[in-house]
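Biologist: Hey, I'm new to this one. Can you walk me through it?
Modeller: Sure, here it is.
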Amino acid sequence: STSKYKVTVGEVQRRLSSPECLNASLLGGVLRRAKSKNGGRSLREKLEKIGLNLPAGRRKAANVTLLTSLVEGEAVHLARDFGYVCETEFPAKAAAEFLTRQHSDPTELHARKNMLLATKQICKEFTDLLAQDRSPLGNSRPSAILEAGVQSCLTHFSLITHGFGSPAIIAALTAFQNYLVEAIKGLDKMFLSSSNSHPSGESGTKSTDKEAKHRK
């Protein structure tokens with residue numbers, strides 16, 4: 001079955017404004033309006049009734065992508081499903097085990113773990129930043145948390161992707177963070193097995209020393 005998504009006046013206003021500045025033809029396609037001889041004029045008249053102005057003959061400002069055809073409800077739904085798949089289906093453990101085997105030199109294990117921990121921290125900082133994005137969606141205009149300069153850039157990205165962008169990047173980074181966690185676990189197991197092998201060697205050395213002293 002095909003889901004129907006409500007398009008708010010605020011969303012239409014965003015599609016008519018920068019950065020997209022959609023024309024009547026593109027906006028009609030986004031709103032799933034059937035093409036007709038006077039479709040553009042009919043759409044402009046309907047928009048005027050709700051206080052929105054769509055000049056005749058205007059040119060779009062942004063490049064058209066597959067995301068252009070999505071309304072915000074679809075884009076957010078797609079991002080949510082993508083996040084779920086990244087969380088549940090991405091082979092983080094298999095990837096971590098494979099790459100850990102490629103870097104199993106005992107002299108490099110500590111340095112590699114430090115790199116993984118540092119990467120995990122940087123990744124978390126960036127994910128936390130994106131999670132604070134308060135770009136408008138639907139009828140909501142949440143209060144900004146971030147500095148205006150950063151938020152305005154994130155809002156531009158959100159307007160181009162219609163709410164898909166930041167959540168999708170967070171989803172991909174979550175999959176990457178899961179890989180990092182598994183990789184660190186793999187190294188910890190290698191450290192553990194290595195430390196377990198050393199004590200026996202030490203005890204053997206001590207017993208040998210005792211035997212030597214006894215013979216003396």
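Modeller: Let's begin with a term: on a 1 Å grid over the protein atoms alone, a cavity is a set of points where a 1.4 Å probe fits but cannot get out, and lining residues have an atom within 4 Å of a point. Points are joined across faces, edges and corners, and a volume is the space filled by probe spheres set on them. This is a predicted model, where local features need pLDDT of at least 70, side-chain atom pairs count only at pLDDT 80 or more, and totals for chains, interfaces and linings use all residues. Numbering runs from 1 along each chain as its sequence is written, and side-chain values use heavy atoms, without hydrogens and water.

Biologist: OK, how many cavities of 30 Å³ or more are there?
Modeller: Two. The largest holds about 40 Å³ of space.

Biologist: What lines the largest cavity?
Modeller: R14, R15, P19, E20, E72, S158, L159 and H162. Two elements, α1 (9–16) and α7 (148–161), each give two or more residues to that lining; helices here are DSSP runs of H or I, at least four residues, numbered from the N terminus.

Biologist: Switching topic, how many disulfides?
Modeller: Zero, taking a disulfide as a pair of cysteine sulfur atoms within 2.5 Å.

Biologist: And C21, buried or exposed?
Modeller: Buried, because its relative accessible area is 16%; the cut-offs are under 20% for buried, over 50% for exposed and partly exposed in between, with a 1.4 Å probe and protein chains only.

Biologist: What about C153?
Modeller: C153 is at 53%, so it counts as exposed.

Biologist: Last one: where is I169?
Modeller: In helix α8, residues 165–215. I169 is partly exposed, because its relative accessibility is 32%.

Notes:
1 Å grid on protein atoms, 1.4 Å probe; cavity = no way out; pocket = protein on both sides within 12 Å on 5 of 7 lines; lining within 4 Å.
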